[in-house]
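Q: Please take a close look at one buried position in this chain and its surroundings. Then place that position in the fold as a whole.

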Amino acid sequence: MKIYVDELRLYTMMKKQGIKSYKQLAEESGLSVNTLWCALNKKHASLNTVYLLADRLGCKMEDIIFVEW
């Protein structure tokens, strides 16, 4: 099973929270910009990365991911 961040869903949640850039999201989530970039460019995202993003965005992890079996 591979977990990917869904860029459109993530962007939608960012706008709802008033986050203007991926750099801002990374910093406020405690992630490096590189980690976020990798997650957004269809590289496998760790559960910890998804958790930190969802926590900052105030949503469930399943709101911003898709899973490949």
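A: Met13 counts as buried because its relative accessible area is 14%, and the cut-off for buried is under 20%. The model is a predicted one, and Met13 sits in its helix α1. Leaving out residues up to four places away in sequence, Met13 touches Leu57, Cys59 and Ile64. Its C-alpha atom is 9.9 Å from that of Arg56, a residue 43 places away in sequence.

The residue just before it gives a contrast. Thr12 also lies in helix α1, but Thr12 is partly exposed because its relative accessible area is 37%, which falls between the 20% and 50% limits. Thr12 and Leu57 are 45 residues apart along the chain, and their C-alpha atoms are separated by 10 Å.

Two of the partners of Met13, Leu57 and Ile64, come up again in the largest nonpolar core. This core has 20 residues, and Val5, Leu10, Leu25, Leu57 and Ile64 touch the most other members. Two or more residues each come from β1 (2-5), α1 (7-16), α2 (22-29), α3 (33-40) and α4 (47-57). Helix α4 gives the most to the core, with four residues. In soluble globular proteins, nonpolar side chains tend to be buried together.

Leu25, one of the core members with the most contacts to other members, has a longer list of neighbours. Not counting residues up to four places away in sequence, Leu25 touches Leu10, Met14, Ile19, Leu36, Leu53, Arg56 and Leu57. Leu57 is thus a partner of Leu25 and of Met13.

Which partners does Ser29 have beyond four places in sequence? They are Leu52, Leu53 and Arg56. Ser29 is part of helix α2 and counts as buried because its relative accessibility is 7%. Leu53 and Arg56 are also among the residues that Leu25 touches.

Thr49 is another residue to consider here, this time in helix α4. It counts as buried because its relative accessibility is 7%. Apart from residues up to four places away, Thr49 touches Leu31, Thr35 and Ala39. The C-alpha atoms of Thr49 and Leu36 are 8.0 Å apart, with their positions 13 residues apart along the chain.

These local contacts belong to a chain with four helices and two strands, in the order β-α-α-α-α-β from the N terminus. Among contacts between residues at least 6 apart in sequence, 61% join residues at least 24 apart. The Met13–Leu57 contact can be read beside that figure.

As for overall dimensions, the radius of gyration is 11 Å, which agrees with the value near 11 Å for a compact globule of 69 residues. The C-alpha trace spans about 35 × 20 × 20 Å along its principal axes. Of the 69 residues, 35% count as buried, Met13 being one of them. The accessible surface comes to about 4,400 Å², and carbon and sulfur atoms hold 54% of it. The chain has 10 positive and 8 negative charges, whose mean positions are 4 Å apart.

Key:
Residues are numbered from 1 along each chain as its sequence is written. This is a predicted model: local features need pLDDT of at least 70, side-chain atom pairs count only at pLDDT 80 or more; totals for chains, interfaces and linings use all residues. Side-chain values use heavy atoms; hydrogens and water are left out. The radius of gyration is taken over C-alpha atoms; the globule rule is 2.2 Å times the number of residues to the power 0.38. Buried means under 20% relative accessible area, exposed over 50%, partly exposed in between (1.4 Å probe, protein chains only). Contact means heavy atoms within 4.5 Å. Accessible areas come from the Shrake-Rupley method with a 1.4 Å probe; for residues, only the protein chains shown count as cover. Lys and Arg count as positive and Asp and Glu as negative; His and the chain ends are not counted. The place of a charge is taken as NZ of Lys, CZ of Arg, CG of Asp or CD of Glu. A nonpolar core is a set of buried Ala, Val, Leu, Ile, Met, Phe, Trp, Tyr and Cys residues joined through side-chain atoms within 4.5 Å.
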